[in-house]
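Here's a quick tour of one pocket and a few helix contacts. Have a look at the structure first, then read on.

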Amino acid sequence: MKLWMNALTKYLLGLVLVGALIFLPAGTLLFPNGWLFVGLLFGPMLVLGIVLLLKSPDLLKKRLNHKEKRSAQKGVTSLSALMFAAGFIVAGLDFRYGWSRVPLWGVIAAAAVLVASYALYAEVMRENAYLSRTVEVQKEQMVVDTGLYGVVRHPMYAVTLWLFLSIPVVLGSLWAVVCFVPYIPIIAVRILDEETLLTAELAGYAAYKKKVKWRLIPLIW
């Protein structure tokens, strides 16, 4: 019950905060792209949360923990929060003042990418029971090298890259895209710091890096 209440509280707070950051700058609730995004983000999130609560409460508990201990990761978390806030606010202002326009086919394509990214996100969570929102090495943790982890070393971050970059397009704002582009160097810093920790403290990770060459995108990085 405590876990359920914690998850529900954070879900509702997130919904209210994101809604406020989008609709207040828009100056109206009649922002179709805003409602589309909220539905695409929080609908699957609710379903995934319920599944985790019923099937893997330990993993849900890990996902709710976001208190980073490493200084580099604290910086990454702060910059990510700033990026999201700026992106949502700019998207709302863009709708309000008509600074840019994304064609319907672009919004639909971005929505499809967002939904597909969420599906892959769920698959990564199914493959790796050690996933946490914080960078850490857990007790009895083992290296996962099958499935998507056999393609890139950080499939979760690869999925979030596509997911986050699709968000401003779903919101119909080209200017908001500029706000989300910094996620690329932000996630690169997170990955490099995380790999330093995993190589030093997780048995078998050094060998895994030799087996799976690419961190985020095959043939690129």
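Let's start with a pocket. The second largest one in this predicted model has a volume of about 240 Å³. Its lining is made up of 14 residues, and those closest to the pocket centre are Leu120, Pro155, Ala158, Val159 and Trp162. Two elements each give two or more residues to that lining: helix H5 (104-127) and helix H6 (155-170). As for chemistry, the lining splits into 13 nonpolar residues, one polar and no charged.

Helix H5 turns up again in a helix pair, this time with helix H2 (residues 32-55). Here are the two pairs to look at:

| Helix pair | Axes come within | Crossing angle | Handedness |
|---|---|---|---|
| H2 and H5 | 11 Å | roughly 15 degrees | right-handed |
| H4 and H8 | 10 Å | roughly 160 degrees | left-handed |

Take H2 and H5. Their axes cross at roughly 15 degrees, and angles under 35 degrees count as roughly parallel, so H2 and H5 are roughly parallel to each other. On the H2 side, the contact uses Asn33, Leu36, Phe37, Leu40, Leu41, Pro44, Met45, Leu48 and Leu52. Facing them from H5 are Val107, Ala111, Leu114, Val115, Tyr118, Tyr121, Ala122 and Met125. Sorted by type, the residues of this contact come out as 16 nonpolar, one polar and no charged.

Now for helix H4 (residues 71-97) and helix H8 (residues 183-201), whose axes cross at roughly 160 degrees. Which way does H4 run relative to H8, roughly parallel or roughly antiparallel? With a crossing angle over 145 degrees counting as roughly antiparallel, H4 is roughly antiparallel to H8. H4 brings Ala72, Gln73, Val76, Leu79, Ser80 and Met83 to the contact, while H8 brings Tyr183, Ile186, Val189, Arg190, Asp193 and Glu194. In this contact there are seven nonpolar residues, two polar and three charged.

One last stop is Leu21, which sits in helix H1 (residues 2-26). Which residues does Leu21 touch, once its neighbours within four places in sequence are left aside? The answer is Ala85, Phe88 and Ile89. There's also a C-alpha pair to check here: Leu21 and Gly92 are 71 residues apart along the chain, and their C-alpha atoms are separated by 7.7 Å.

How values were computed
Residues numbered from 1 in each chain as written. Predicted model: local features only at pLDDT ≥ 70, side-chain atom pairs only at ≥ 80, totals over all residues. Heavy atoms only, no water. Axes fitted to C-alpha atoms, helices over the stretch in contact; angles between N-to-C directions. Helix = DSSP H or I, 4+ residues; strand = E, 2+ residues; numbered from the N terminus. Parallel < 35°, antiparallel > 145°, perpendicular 65-115°, else oblique. Left-handed = near helix turned anticlockwise from the far one by under 90°. Contact = heavy atoms within 4.5 Å. Nonpolar A, V, L, I, M, F, W, Y, C, P; charged D, E, K, R; others polar. 1 Å grid on protein atoms, 1.4 Å probe; cavity = no way out; pocket = protein on both sides within 12 Å on 5 of 7 lines; lining within 4 Å. Points joined across faces, edges and corners; volume = space filled by probe spheres on them.
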